[in-house]
Amino acid sequence: MHQPLALQPLAPNDSTDILAIANNPVLWICVAGVFGVIIIQSVIFMKAARRAAPSADMSAQDIKTSFRSGAVSAIGPSLAVSLVAIALLGLFGAPAVLSRIGLIGSAAYDVSAAGIAAGSMGAKLGDASYTQSVFAVAFFAMSIGGAMWMLATLILTPLLRKGDAKIRSVNPAAMAIVPAAALIGAFSCLGLTELPKSGIHVLSFVVSAAVMGTCLLLAKKLGKSWLREWGLGISIVIGLGAAYLAVGA
Amino acid sequence: MSSITSAPTTNNTAMADFNRTTSRWGQITMIAGLLISVAGPLYLVFATGLDIGPAQLWIAFAAVAATFGIIWIVEPLTYYPILGPAAMYQAFMIGNISNKLLPAALIAQTNIGAKPGSKRAELAAVVAICGAAVVHLISLAIFVGLLGSWLISVIPPSVLLVTRLYVLPTVLGAVLVQAIVSMKQPRTTVFALLVSAVVVFVVLPLVPSLAMVSTAIAVLGTILLAWFFRGKSTIAEAKPIHIE
């Protein structure tokens, strides 16, 4: 009766069974916590808006219309985000995907942060070097990245409210050029880093990029903005389809 | 702040009450969201017997900060004029701002005929984001939490393996095109691709130990080139930095 504890094997650090730790109950509790916080916030904000409505010439009907408009217009984008999230389930597991890609962050930033973090440990997401430890550090990097966005919001919002003019008058040319350069630089480097890994990586990358280009072009030409929302999901699915065919061939 | 208003005092106190409530509770809920979201990975790192030192976490953090640190600060700055203070606390916690929350707010404002910048517009945006949040949470819970988890358990292992191996290049291929198209800065794009190609195909094969900071090098290089060779007709206004 006293034996079993000692007989239990220690958690192996080099295990690549990501989903075993990615579905840890504590992570599910944290996801539920984030959901709960957003629900509480929405309830408080709704009540505050209702109270303030009469003073802003807003009728109860206006409130209802606004709520419904927001809800209806979010259906398409929410489903599009869900498709992207499902595609990433195998890589990160449901709790990480729900809290990072679904909420707080977005696919682009969080997948990038995970890739950068894995790289800092000399590992690559998805292959044999993607151990439980790499997943934990990658998940930490995604989360701390999201936390920094929130921290910046917490610090900047009160400052902007007090004297927005001063902070917003930062050199406009710098504000236009530097962030765009940082974003395109980051994503082009991360993207090109995938190419030397294998021929199928090149194929997946090129197919997905081409599909996204086509979606954006059609969205503009035909005026169909849903193609813009669904672009990422469609590109991932078709890119993965191409990879699957290439692996089988 | 607004000393020049003809509105009766009661209206001012009502809006002041709204500002106070959303500001206080926006901060409290956001801090709670921040702590809970970081608690999960920290638990994994320190309480599950994985052998990870603090140094590895700091290095990973530094690598991410070197890549996205500027965006962390610039995004809130550029979204503030559009969202207003109250919605800031909603938007940066719920996420997917540009593709979901902004359209939701704009459509609501149009549907009730609220003038941009007015109090009605501000309230409509907050209420619309609440509506969007409800839909988003429900669809995530059903399609990703329930359906997705079931899907993972039934799809063949070969498909799961392909997904794991190749989902990264498909995400990054699409996101790169998105970033290039939404930024509309051809000159910067050329610099970014050139610098990245040099880093990935020349520098890294020669000095593999730089892999850890390769993205940071590419980001810094692109910023410097884009800044020093910027066009004469510089962009007049700072637009929200986002990927469509």
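**Why do we call it that? Two chains, helix by helix**

Q: Where do helix α10 (residues 226-248) of chain A and helix α5 (residues 157-183) of chain B come within 8 Å, and what is their crossing angle?
A: In this predicted model, it is the axes of the two helices that come within 8 Å, and they cross at roughly 130°.

Q: Why is α10(A) called oblique to α5(B)?
A: Set the angle of roughly 130° against the cut-offs: roughly perpendicular runs from 65 to 115 degrees, and roughly antiparallel starts over 145. The value falls in neither range, so α10(A) counts as oblique to α5(B). As for the hand of the crossing, it is right-handed.

Q: Which residues of α10(A) and α5(B) meet?
A: On the α10(A) side, they include A:Leu232, A:Ile236, A:Gly239, A:Ala243 and A:Val247. On the α5(B) side, B:Val159, B:Val162, B:Tyr166, B:Thr170 and B:Ala174 are among them.

Q: How many nonpolar, polar and charged residues does this contact have?
A: The contact of α10(A) with α5(B) has 13 nonpolar residues, 5 polar ones and no charged ones. Curious where a glycine such as A:Gly239 goes in that tally? Gly counts as polar.

Q: What is the pattern of chain A along the sequence?
A: It reads α-α-α-α-α-α-α-α-α-α. That fits the count for chain A: 10 helices and 0 strands.

Q: How much of chain A counts as buried, and what does it expose?
A: Of its 249 residues, 57% count as buried. Chain A exposes about 9,900 Å², and carbon and sulfur atoms supply 70% of that area.

Q: What share of the contacts in chain A with a separation of 6 or more comes from residues 24 or more positions apart?
A: Such residues account for 64% of those contacts.

Q: Why does A:Asp110 count as buried or exposed?
A: Its relative accessibility is 4%, and buried means under 20%, so A:Asp110 counts as buried. You'll find A:Asp110 in helix α6 (residues 107-120) of chain A. Not counting residues up to four places away in sequence, A:Asp110 touches A:Arg100, A:Ile101, A:Gly105 and A:Met142.

Q: And A:Asp57: what makes it buried or exposed?
A: Exposed means over 50%, and A:Asp57 has a relative accessible area of 64%, so it is exposed. A:Asp57 sits in the loop between α3 (25-52) and α4 (60-92) of chain A. Here's a backbone detail too: A:Asp57 has a positive phi of about 55° although it is not a glycine.

Q: How do you know whether B:Gly40 is buried or exposed?
A: Check its relative accessible area: at 2%, it is under the 20% limit, so B:Gly40 is buried. B:Gly40 belongs to helix α1 (residues 9-47) of chain B. Now look across to the other chain: leaving aside neighbours within four places in sequence, B:Gly40 is in contact with A:Leu27, A:Cys30 and A:Phe139. As for B:Leu204, it is 164 residues from B:Gly40 in sequence and 34 Å away in space, C-alpha to C-alpha.

Q: What puts B:Val203 in its accessibility class?
A: Its value is 25%, which lies between the buried limit of 20% and the exposed limit of 50%, so B:Val203 counts as partly exposed. Look for B:Val203 in helix α6 (residues 186-206) of chain B. Apart from neighbours within four places in sequence, B:Val203 is in contact with B:Val198 and B:Leu210. B:Ala114 is 89 residues from B:Val203 in sequence and 54 Å from it in space, C-alpha to C-alpha.

Key: Residues numbered from 1 in each chain as written. Chains lettered and ligands numbered in written order. Predicted model: local features only at pLDDT ≥ 70, side-chain atom pairs only at ≥ 80, totals over all residues. Heavy atoms only, no water. Helix = DSSP H or I, 4+ residues; strand = E, 2+ residues; numbered from the N terminus. Buried < 20%, exposed > 50% of the residue type's maximum accessible area, 1.4 Å probe, protein only. Contact = heavy atoms within 4.5 Å. Areas by Shrake-Rupley, 256 points an atom, 1.4 Å probe, with all protein chains shown as cover. Axes fitted to C-alpha atoms, helices over the stretch in contact; angles between N-to-C directions. Parallel < 35°, antiparallel > 145°, perpendicular 65-115°, else oblique. Left-handed = near helix turned anticlockwise from the far one by under 90°.
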